[in-house]
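Hi everyone, thanks for making room for me today. I'd like to walk you through one model, so please have the viewer open and follow along.

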Amino acid sequence: MSLRMDMGRDELLEDRAAFIAGEIGGAVAELINDGVVIDRDAIVDRLEAKRRSVGNVIHKGILRDAAEFVRKGQ
């Protein structure tokens, strides 16, 4: 049972990482489409603006984590 729970947690972490990557990629695509110079601050600003506009708490958390990931450059 422990192994099964660990597999579920790994899958959740992989899904979370995929959502974060998708949000970062989406922010970059929006900046390119808008003709904005792509840099760390622009990406973070776009992610934080989207976080303020969404209503879903889980989505807000993903966007917060994505912005933190870009900000720290990890």
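I'll start with the overall layout, then go through some residues, a cavity and the last helix.

One thing to keep in mind from the start is that this is a predicted model. The protein chain has three helices and zero strands, and from the N terminus on, its elements run α-α-α. Of the 74 residues in the protein chain, buried ones make up 23%. For those of you who like contact statistics, take the contacts between residues at least 6 apart in sequence: 43% of them join residues at least 24 apart.

Let's go to helix α2, which covers residues 40–53. What span should we expect for its 14 residues at 1.5 Å a residue? The answer is 20 Å, because the expected span is 1.5 Å times one less than the number of residues. In the model, the end C-alpha atoms of α2 are 20 Å apart, which agrees.

Which residues of α2 are buried? They are A42, I43, V44 and L47. I'd like to stay with L47 for a moment. Its relative accessibility is 1%, so L47 counts as buried, the cut-off being under 20%. Setting aside residues up to four places away in sequence, L47 touches E23, I24, A27, L63, A66, A67 and V70. If you want a backbone distance to check on your screen, try L47 and R64: they are 17 residues apart along the chain, and their C-alpha atoms are separated by 7.5 Å.

One of those partners of L47 is E23, and E23 is my next stop. You'll find E23 in helix α1, residues 2–34. Buried or exposed, what is E23? With a relative accessible area of 13%, E23 is buried, since buried means under 20%. What does the side chain of E23 make a polar contact with? It pairs with the side chain of K50, at 2.9 Å. Again leaving out residues up to four places away in sequence, E23 touches L47, K50, H59, I62, L63 and A66.

Now for the empty space. Rolling a probe the size of a water molecule over the atoms is a way to see where such space is left. How many cavities of 30 Å³ or more does the structure hold? It holds one, and about 30 Å³ of space lies in the largest cavity. The residues lining that cavity are E23, G26, A27, E30, R46, L47 and K50. Two elements give two or more residues to this lining, namely α1 and α2. The most comes from α1, with four residues. Sorted by class, the lining has two nonpolar, one polar and four charged residues. You'll notice two familiar names there, as E23 and L47 are both among the lining residues.

While we are on α1, have a look at V28, which sits in that helix. Its relative accessible area is 21%, so V28 counts as partly exposed; the partly exposed class starts where buried, under 20%, ends. V28 touches I38 and I43, not counting residues up to four places away in sequence. V28 and R46 are 18 residues apart along the chain, with 8.6 Å between their C-alpha atoms.

That leaves α3, residues 57–72. This helix has 16 residues and reaches 22 Å from its first C-alpha to its last, close to the 22 Å expected at 1.5 Å a residue. At its start, a side-chain oxygen of N56 reaches to within 2.8 Å of the backbone nitrogen of I58. After α3 comes G73, whose phi is positive, near 70 degrees.

The buried residues in α3 are G61, I62, L63, D65, A66, A67 and V70. D65 has a relative accessible area of 18%, so it is buried. Which residues is D65 in contact with, leaving aside its neighbours within four places in sequence? Those are R16 and I20.

My last residue is E68, also in helix α3. At 32% relative accessibility, E68 counts as partly exposed. E68 and V44 are 24 residues apart along the chain, and their C-alpha atoms are separated by 7.8 Å.

That's my tour, and I'm happy to take questions.

Key:
Residues numbered from 1 in each chain as written. Predicted model: local features only at pLDDT ≥ 70, side-chain atom pairs only at ≥ 80, totals over all residues. Heavy atoms only, no water. Buried < 20%, exposed > 50% of the residue type's maximum accessible area, 1.4 Å probe, protein only. Contact = heavy atoms within 4.5 Å. Polar contact = N/O pair within 3.5 Å; in protein donor to acceptor, adjacent residues only side chain to side chain. 1 Å grid on protein atoms, 1.4 Å probe; cavity = no way out; pocket = protein on both sides within 12 Å on 5 of 7 lines; lining within 4 Å. Points joined across faces, edges and corners; volume = space filled by probe spheres on them. Nonpolar A, V, L, I, M, F, W, Y, C, P; charged D, E, K, R; others polar.
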